[in-house]
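Colleague: I'm new to reading protein models, and I'd love a close look at one part of this one. Could you pick a strand and walk me through its surroundings?

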Amino acid sequence: MADAPSRRIQVDLSGQVALVTGASRGIGRSIALALGRSGATVACIARNVEKLQAVADEIVAAGGAASVHACDVTDAAAAQATVDAVVEAHGRLDVMVNNAGITKDTLLPIMGDEDWDQVIAANLRSVFLFTRAAAKVMMRQRSGRIINMSSVSGLMGNPGQANYSASKAGIIGFTQTVARELAKRKVTVNAICPGFIATDMAEALGPAIIDEAKKRIPAGRLGEADEIADAVLYLASDSGAYITGQTLVVDGGMTA
């Protein structure tokens, strides 16, 4: 009996160039692999070169093309230089995925200044820096897709995550504003809000918190990183050309 055909989203991004921050693990890794399978040349961005190279090698082994760029995504000069290097190497930039992010969870009364500053820098400042750099290229091209990774924590808050929730809520407002600014140049800007996704970041929460989270999710399970990657593919495709300034929630119904 023949295998059933895959029902996973398939798009053709041949000839396009995509840049993914935080591509070395978790959701970012899945996004980079999905873009590579779809025909895009993928520029993989993170600090850890060894892990990035493993992702790039996997893309190439599957028949795709990828490059590796070590970068501190919170550094303005480094962000601009990285985008410049990608455009110089590949001639264009079609898809910008701002996925890099960290958590430093603790309750507000004992949250240190560094806990706040580092999360805001990694999660929100990086989105500003890479979007600004990518927008200049895309405006000249009169085409492009910018996809920013927010979170359900940016919609409803989460105890112990004042810094993380603030950064992710900021991404939503930023996305809506930039979408209005770039729409006439045929550049779309959207945000995705994942719920609880089965990644190493979620695993670090421990089984008790994961079990409690599942009780709050109507779907009764954690999401998969590939399901977030599918949402990225849709927004990056021609089918997403008339979608901009939107926040796509992928959370199994948790915030419904």
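Modeller: Let's go through strand 4 and its partners, then look at a few spots elsewhere in the chain. Keep in mind that this is a predicted model.

First, a bit of context. The chain has 9 helices and 7 strands. Its C-alpha atoms fill a box of roughly 55 × 50 × 35 Å along the principal axes. For 256 residues, a compact globule would have a radius of gyration near 18 Å, and the chain has 18 Å, so the two agree. Of those 256 residues, 48% count as buried.

Now zoom in on strand 4, which covers residues 95–98. Which way do its side chains point? Val95 and Val97 point one way, while Met96 and Asn98 point the other way. That's a pattern worth remembering: in a regular strand the side chains alternate between the two faces of the sheet. Here, all four of these residues are buried.

Who are the neighbours of strand 4? Strand 1 (residues 17–21) pairs with strand 4 in the parallel sense, over 3 bridges. To see one of the contacts, find Leu19, whose bridge partner in strand 4 is Met96. Strand 4 also runs parallel to strand 5 (residues 144–149), and 4 bridges join them. Here you can look for Val95, whose bridge partner in strand 5 is Arg145.

How does the chain get from strand 4 to strand 5? Helix 4 (residues 113–141) belongs to the connection: strand 4, helix 4 and strand 5 make a right-handed β-α-β unit. In the loop between helix 4 and strand 5 you'll meet Arg142. The phi of Arg142 is near 60°, a positive value in a residue other than glycine. That's worth a second glance, because most residues other than glycine have a negative phi. Arg142 has 42% relative accessibility, so it counts as partly exposed. You'll find another positive phi, near 65°, at Lys186. Lys186 sits in the loop between helix 6 (162–182) and strand 6 (187–194), and with a relative accessible area of 58% Lys186 is exposed.

Back up the chain a little from Val95, you can spot a salt bridge between Arg92 and Asp94, with the closest N and O atoms 2.8 Å apart. Are its two ends buried or exposed? Arg92 is partly exposed, at 29% relative accessible area, whereas Asp94 is buried because its value is just 7%, and buried means under 20%.

That salt bridge is one of 6 in the count. Another one of them joins the side chains of Glu212 and Lys215, at 3.8 Å from N to O. Both residues lie in helix 8 (residues 207–216), 3 residues apart, which is about one turn of the helix. Glu212 is partly exposed at 43%, and Lys215 counts as exposed at 65%.

To finish, here are two spots farther along. Ala231 is in helix 9 (residues 225–236) and counts as buried, with 9% relative accessibility. Its C-alpha atom is separated by 7.7 Å from that of Ile192, although the two residues are 39 apart along the chain. Then there's Val249, in strand 7 (residues 247–250), which is partly exposed at 32%. Together with Leu155 and Met156, Val249 makes a nonpolar surface patch of about 230 Å².

Notes: Residues are numbered from 1 along each chain as its sequence is written. This is a predicted model: local features need pLDDT of at least 70, side-chain atom pairs count only at pLDDT 80 or more; totals for chains, interfaces and linings use all residues. Side-chain values use heavy atoms; hydrogens and water are left out. Patches are made of residues with over 30% relative accessible area and no salt bridge: like charges are joined within 9 Å, nonpolar side chains (Val, Leu, Ile, Met, Phe, Trp, Tyr) within 5 Å. Accessible areas come from the Shrake-Rupley method with a 1.4 Å probe; for residues, only the protein chains shown count as cover. A salt bridge is a side-chain nitrogen of Lys or Arg within 4 Å of a carboxyl oxygen of Asp or Glu. Helices (H or I, at least four residues) and strands (E, at least two) are DSSP runs, numbered from the N terminus. Buried means under 20% relative accessible area, exposed over 50%, partly exposed in between (1.4 Å probe, protein chains only). Two strands pair if DSSP finds at least two bridges between them. A crossover is right-handed if, with the strands pointing away from the viewer, the path from the first strand over the helix to the second runs clockwise. The radius of gyration is taken over C-alpha atoms; the globule rule is 2.2 Å times the number of residues to the power 0.38.
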